[in-house]
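Q: I would like to learn how to read a model like this one, feature by feature. Could you take me through it slowly, giving the general idea before each case?

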Amino acid sequence: MQELTEIVMVFLILANLWLLASSRLMVCIRIVACQGIVISLLPFLINRHLLLTEFLAVAGVTAALKGFVFPWLLRRAMREAKVRREIETSVPYSVSVLIGILILAISLWISSRLPMPKPELTELIVPVSFFTILVGLFVIVSRVMALSQVLGYLVFENGIYAFGVALLLEQPLWVELGILLDVFVAVFVMGIMIFHISREFDNINTDQLSELADWNSPEKEGRR
Amino acid sequence: MILAACLIPFAAGLLAFFVPWDKPRRVLLILTALAHAGLVAAFWFILPEPRVGGWFELDTIGKYFLSITSLLFLAAACYGVAYLSGEDRGDRTDVEEGFIFQNAPEAVFTGCLLMFLATMTLVLISQHFGILWIAMEATTLVSAPLIYFHRHHRSIEATWKYLLICSVGIALALLGNLFLVIAGSIEGQKAVPLVLSELIGRHGELNVLWLKAAFLFLLVGYGTKMGLAPLHTWLPDAHSEAPSVVSALLSGALLNCALVGILRTHQVCAAAGLGEMSSELLRGFGLLSMFFAALFILRQPDFKRMLAYSSVEHMGIVALGIGLGGSAVFGGLFHAVNHSLTKAALFFIAGNIMAAYNTKSVSGVQGLLRMLPVSGILWIAGFLAITGSPPFGSFLSEFIILKSALDQGHYYAAVIYLVVLAAIFAGMAMIFLNMAQGVPAPEMKMSGARKESVMMVFPPAVFCVLVLLLGIYIPEFLRETLREAARLLGGLG
């Protein structure tokens, strides 16, 4: 059991690093989908006695949403926006992988200092979930394309979910489902916005979304 | 009964998506707003029963902010109907850059507006932190299409920033919720449920360290939504690009909802003996917000952005009041109603100005008092109210906070507070007075801009009068409610 958990954790770490290194959107979408499915199955890995209908229902809905519905929505947005890969990033890919490793070290350090309620269960899962959360944030900040930012948001959300589920924090069923519904609608609305962005600007780079500011650089002032 | 307040606008919102005719849909909007306001008014006489095991309950804080929200929505519905009938169909020309764009379908706008009311109501009636979170994120999602009503590149930018920044912020609050669960997990027992009364009742069992972490994350998460500096970056863009009626609701109602999320956490912290830490953080964020707002209000070229920054300032004042404790809590809560009413009125009038002058820039507006006499007078009245001049209610609330700060020996806070308020007064005076006075450009006179319609002047006028009356006399029922709410937050009644 312990070994299987370790393998899954290594998979999650590698998935995050791969995401940081990859410029192909299709690959990124698949990585995030796999990550979502694995994370939704985490509770069974930690505790096999959990095969209750309630847990099964939540895990099933989560896996279906993260593994199939979200990738489908994102692929559609990708087709509509006619993009295949991210060309510009504010941080080069090699540097982002290095930063990813740095983030991993930081999350290991933070989680070693946190007093956890059930330390024997969470030894590995807590640092990995922190790592996922921080990688998600980093992707949102460093990628220019709107679609990649949504992917970052999903990774961020996966991390939070892993943290909650892995600790077997008891949340009522309705709350779990409500949170999932919110994330679903969020991705849906963001997908619609990506479509509008691509129609308005002919691409989905968010660096064009920089007109509204209070301190504009002189060249921009001149352009306006 | 309590759930009806949320379900009625929700059902009406769903219906509005499918009503193909404009007139009946507008009637639906007004009727729902009236029904909601009536229901909330009834709650003052008959307190509704808690539902679903105490998950939904109207406590004093909820009742107070729900009443503000409902009142604001009623005014926004009246104003909105007039606004929608004034919007041109089909292609429209942008006021700033002159390109052509179209509006989003009106059915989507009305539907989302009603859903917005439903989700805000859900935030205010929920006592369960999980439900509160779900409702808070839902407010972001249903209000995003409202900001994107005018479909052009600037509003896309504002909407995208709003969606992304607020979603990430609120996701941090979700992490805060999980920390709260850990704080309530005790070895070998069932965890304390995330219901406010349970958490407060069993405060002795909570793990203090995790509770601290939970408060930090919830403060940052909901603070993003509330517009506390330096997390406020979405706010000026969204408020300036949204239609004025939406800006009024965002500023006057939505920010309060986020505030309530923070207040609930503050209550738990205070019960568990962490009141000192949470108050200190609230004070710090409050002063920082005021300071940031002042920086951007001075010499602000866009009057809607100026109003947005002023919301950052006032949310800072409210947070400062809550953080100071003592009688300042009363002042802070009282300031929330003054701010909501005044800011909504100002955004409504800003909408009238934009309709007449076709610009958002301060330098493009002159001679407001001659061009739109009623709006001009209200614009000046709103200026006096928003800067806290006597005899408006905001003077009273700001004065209570100042006095309390001095009484408790927070001299630095008091000095910063006064300096910032003075700077903002000066900055705003320049903007408001320049716009009101002078002579309108001759071609404006010729074009004979639209006459001010009663529906677009009446709601802001009522709000200005209300703020004026609150400055002269606080009715007993309101005073009692504010005292009770202040006691819940650990302040003096």
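Q: How many helices and how many strands are there in chain A?

A: A good habit is to list the secondary structure elements before looking at any side chain, bearing in mind here that the model is predicted. Chain A has ten helices and zero strands, and from the N terminus on its elements run α-α-α-α-α-α-α-α-α-α.

Q: What can I read about the packing of chain A from its buried residues and its contacts?

A: Two figures are useful, one for burial and one for how far apart in sequence the contacting residues lie. Of the 224 residues in chain A, 55% are buried. Among the contacts in chain A between residues at least 6 apart in sequence, 77% join residues at least 24 apart.

Q: Which strands make up the sheet of chain B, and in what order?

A: For a sheet, one notes the order of the strands, then the sense of pairing, and then the edges. In chain B there is an open sheet of three strands, with the order β1-β2-β3 and antiparallel pairing, in which β1 and β3 of chain B are the edge strands, each pairing on one side only. Strand β1(B), residues 92-93, pairs with strand β2(B), residues 100-103, in the antiparallel sense over two bridges, and β2(B) pairs in turn with strand β3(B), residues 150-151, again in the antiparallel sense and over two bridges.

Q: Which residues stand opposite one another in these pairs?

A: Naming the opposed residues fixes the register of a pair of strands. Arg92(B) stands opposite Phe101(B) in β2(B), while Asn103(B) stands opposite His150(B) in β3(B). As a general guide to side chains, in a regular strand they alternate between the two faces of the sheet.

Q: How many residues of chain A are in contact with chain B, and how much area do the two chains bury between them?

A: An interface can be read first by its extent, and afterwards by its chemistry. Here 45 residues of chain A are in contact with 46 residues of chain B, and the two chains bury about 4000 Å² between them, 74% of it on carbon and sulfur atoms. In chain A, the residues that lose the most area to chain B are Asp182(A), Leu212(A) and Asp214(A), which together account for 17% of what that side buries.

Q: How many salt bridges and polar contacts are counted between the two chains, and which elements of chain A give residues to its side?

A: The count between chain A and chain B is zero salt bridges, and two residue pairs are in polar contact, both at pLDDT 80 or more. On the side of chain A that touches chain B, the elements giving two or more residues are α7 (125-142), α8 (146-166) and α9 (173-201) of chain A, and the largest share, 15 residues, comes from α9(A). The residues of that side divide into 31 nonpolar, seven polar and seven charged.

Q: Where in chain B are the cis peptide bonds found?

A: For a cis bond one looks at omega and then at the place in the chain. The peptide bond from Ala229(B) to Pro230(B) is cis, with omega near 0°, and Pro230(B) is found in the loop between α8 (208-226) and α9 (234-241) of chain B. The bond from Pro390(B) to Pro391(B) is also cis, with omega near 5°, and the place of Pro391(B) is in the loop between α15 (373-386) and α16 (393-407) of chain B.

Q: Which residues other than glycine have a positive phi?

A: Once again, the angle is best read together with the setting. Arg299(B) has phi near 60° and is found in the loop between α11 (275-297) and α12 (303-324) of chain B; because its relative accessibility is 79%, Arg299(B) counts as exposed. Asn358(B) has phi near 55° and lies in the loop between α13 (327-357) and α14 (368-371) of chain B, where, at 45% relative accessibility, Asn358(B) counts as partly exposed.

Q: Is His36(B) buried or exposed, and which residues is His36(B) in contact with?

A: His36(B) lies in helix α2 (residues 22-45) of chain B and is buried, because its relative accessible area is 2%, under the 20% cut-off. Leaving aside its neighbours within four places in sequence, His36(B) is in contact with Ala5(B), Pro9(B), Leu66(B), Ser70(B), Leu117(B) and Thr121(B).

Note on methods
Residues are numbered from 1 along each chain as its sequence is written. Chains are lettered from A and ligands numbered from 1 in the order in which they are written. This is a predicted model: local features need pLDDT of at least 70, side-chain atom pairs count only at pLDDT 80 or more; totals for chains, interfaces and linings use all residues. Side-chain values use heavy atoms; hydrogens and water are left out. Two strands pair if DSSP finds at least two bridges between them. Helices (H or I, at least four residues) and strands (E, at least two) are DSSP runs, numbered from the N terminus. Contact means heavy atoms within 4.5 Å. Buried area is the accessible area (1.4 Å probe) that two parts lose on being put together, summed over both. A salt bridge is a side-chain nitrogen of Lys or Arg within 4 Å of a carboxyl oxygen of Asp or Glu. A polar contact is a pair of N or O atoms within 3.5 Å; within protein, one must be able to donate a hydrogen and the other to accept it, and residues adjacent in sequence count only if both atoms are side-chain atoms. Ala, Val, Leu, Ile, Met, Phe, Trp, Tyr, Cys and Pro count as nonpolar, Asp, Glu, Lys and Arg as charged, and the others, Gly among them, as polar. Buried means under 20% relative accessible area, exposed over 50%, partly exposed in between (1.4 Å probe, protein chains only).
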